[in-house]
Amino acid sequence: MSEGLSACAGYKPGMSANSTLSRRRKLVGAGPRQWVGLLYVAPAVALVIVFFIVPLGMTVWMSLHNWPLMGAHSFIGLDNYWAILRDNRFWNALRFTGFYTVVVTIAIFAVAFPLALFIERPRPLTGFYRTFFFMPVVVGFASASLLWSWLLNVDSGLFSPAAFALGLTEKKVNLLATFQPAFWSIIAMVVWKVAGFTMIILMTGLQSIPPELQEAATIDGAGPLARFRAITLPLMRRTIALALILSVAGSVLAFDQFYIILRGGPRNQTLTAVYWIFNQSFVSFKLGYGAALSMVLLVILLVLSLIQLRLLRKPEGLD
Amino acid sequence: MRTFIAGLAFAASIVSAALPAGAAETANIWVRADGSNFMPRIVDAFNKGHENQIKLDIIPNAEIIPKYGAAAAGGTAPDALSLDLIYTPAFSAAGQLEDITDWAKSLPYFESLSPAHVKTGSYKGRIYGLPFSADSSVLIWNKKLFKQAGLDPEKGPTNWAEIEAAAEKVNALGGDIKGFYFSGNCGGCNIFTFTPLIWASGGDILTEDGSKATLDSPQLRGAIDLYRSMIKKDLVPQGAQTDTGSNFFAAFATGNIGITPSGAFAIGALNTQYPDIDYGVTFLPGKDGGWSSFAGGDNFIVTKGTTKIAVVKEFLDFAYSLEGQTILAKYGSLPVRGDIAKEALKDLDPRYQIAAEAMAKGRTPYTVVFNDLINSANGPWTQMVNEVFFGDDVDGSIANAQETMQSIIDSAQQ
């Protein structure tokens, strides 16, 4: 372990101080200590290669083919990508995914932030509340979707029959039949399921803010709102960035809830990008085209994450 | 000591079972979960009486296609597959199946095999699939509710007006009881039970060769009006609008539904799981009488290049025997051999006879893009049935579906 560390330490100055040329020479003439370092990371590298690089390479390869589920495949160059440009339903799905991502991310933060503030400081029953709010996170997304699919059922579920029995509605309302109630039901389900996780991330960020700062600001006469804006938020940049990226990436890849609860309905208005990829690959059996769509989505996600990291990086001079 | 001897005998029996005499072979066959009732029975019966053996795997309905595709690509496909017949054109077109034309035509009873199956099993004049199991669509009604509503419990509706009138009377019983049920957001359910209404009235949704979509017809509009009218009169439970098929059978099985279009499979399922429900079976009628049915079920296909083709043929021969057809009929599939159907069904519930008759005249749309057009939860057919039953713009929905279907058909032919 110590040898590996020192190998790293010996390597670092060379990276930053020397020119590219000397760096290359250094790599070529790597001593046994460097090889030992390489040996230490080998298992991780092997895992990344086998489970990420190779599948990714295969996806790229498939995306350049007309690759049906059955039968022979043929190389068609970039034709799949040209077809995507004309695939209106994919762009519609992408637009809906964007809309969903914005709405659900705002909703998750709107719920998770107050919860994090609430459970951050020790008070009676904090442990209970933390567990309580976090519980839905440990339910799998598919199981949660099945549960809500039943809760939302108009004939045998909970919400509609309950509202009807309480006299709130004149007849049982089918929540999943039209876009607005169906969409907001999904949002409610996802917030219920995910907010606890975002809450825990935000809580760790809150706890890492030194209490002295808050105290000093209080003594200087700053109100709670000013303290939140001038101290809490800026010091939580990194935490918020992490929570945001996780939430956005998760939402852009949304599939389970729309597949299980809504089947993309009502009237195909809730087809997400991943749902469309799934349909192309396993309903229309066009694996090559599905692979090309996946590559496009991957690039979009990558760009989104880079933008977020840039926007939320520490301002110059801080830290 | 006795247990030791018993153990020894047991071990010997295992050894003898594992090493049948001669050069017996074992072929691997897959079936979708819908066949999990009859398939193990017929395989068991075959294995008991034959040296060659069949190893059966049951695969969930939604997974059998991707799984087979992946296995075929990896060279681990089963020797044969009992496949939802609507997929046979697509599988044949992909060049994945063994051409069994000569063998099929040498069967003495080839002419009496279910014509709808043989039609979907053929591609460009060659035969790649032969009928295995069958399911026809029929109309079922609850006799108890009919009686309570003052209707003749022994007489089912014979045209659209009678369906609506009877549903209205049953619905008037009130409470949880509803007149009519259908799965309003399920493409597969509605191709099975809604298109026969159109066929029986003289219309169709695709041309014979599957090259043109023909949705904009007075027969389709008439059938839509029937459903819309029943929905408007509140004869259909609210859940129908979003039912993707999970309640297709279950709704009627609650005993609270007067009439529902269903399939032959419901006869077996009701008899075994809901013996208290007294129901009648009749044909799906046309607007002014006549009737039609969807011919569903499985085609038996052979993976290209399998070395076990002799075993597979031996098994199919057995399935086509009277013994095989009787086992199928007893456990939930209609017979697929018209010439011995009556005999295979003679000891069973007489309501099967109606379903078998429906099967003999049943129809199946022929297209290599059935999944895209019809079954996909997001395809044009599913979207259209949901919109025209429950939406406000029937004309727009039909026009939209017609255009989308035609473009899917056209792009598949390129």
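**Note on helix α2(B), chain A and the A–B contact**

1. Start with helix α2 of chain B, residues 39-49. Its buried residues are M39(B), I42(B), V43(B) and F46(B). These buried residues sit on the same side of α2(B), because they span an arc of only 100 degrees around the axis. Keep in mind that the model is predicted.

2. What lies over that buried side? Among the elements covering the buried residues of α2(B) are three strands of chain B: β1 (26-32), β2 (53-59) and β3 (80-84). The cover also includes α14 (309-320) and α15 (322-330) of chain B.

3. Which exposed residues does the opposite face carry? On the face of α2(B) turned away from its buried side, K48(B) and G49(B) are exposed.

4. Now the contact between the chains. Chain B contributes 22 residues, and chain A contributes 22 residues. On the side of chain B that touches chain A, the elements giving two or more residues are α3 (64-74), α18 (370-375) and α19 (380-390) of chain B.

5. How do the residues on that side of chain B divide by character? Polar residues number 14, nonpolar six and charged two.

6. Chain A, taken overall. Its secondary structure comprises 15 helices and two strands. Of the 319 residues in chain A, 29% are buried.

7. Contacts within chain A. Take those between residues at least 6 apart in sequence: 68% of them join residues at least 24 apart.

How values were computed: Residues are numbered from 1 along each chain as its sequence is written. Chains are lettered from A and ligands numbered from 1 in the order in which they are written. This is a predicted model: local features need pLDDT of at least 70, side-chain atom pairs count only at pLDDT 80 or more; totals for chains, interfaces and linings use all residues. Two residues are in contact if their C-beta atoms, placed from the backbone, lie within 7 Å. Helices (H or I, at least four residues) and strands (E, at least two) are DSSP runs, numbered from the N terminus. Ala, Val, Leu, Ile, Met, Phe, Trp, Tyr, Cys and Pro count as nonpolar, Asp, Glu, Lys and Arg as charged, and the others, Gly among them, as polar. A residue is buried if 20 or more other C-beta atoms lie within 10 Å of its own, exposed if 12 or fewer, and partly exposed in between; C-beta atoms are placed from the backbone. The arc is that of the directions from the helix axis to the C-beta atoms.
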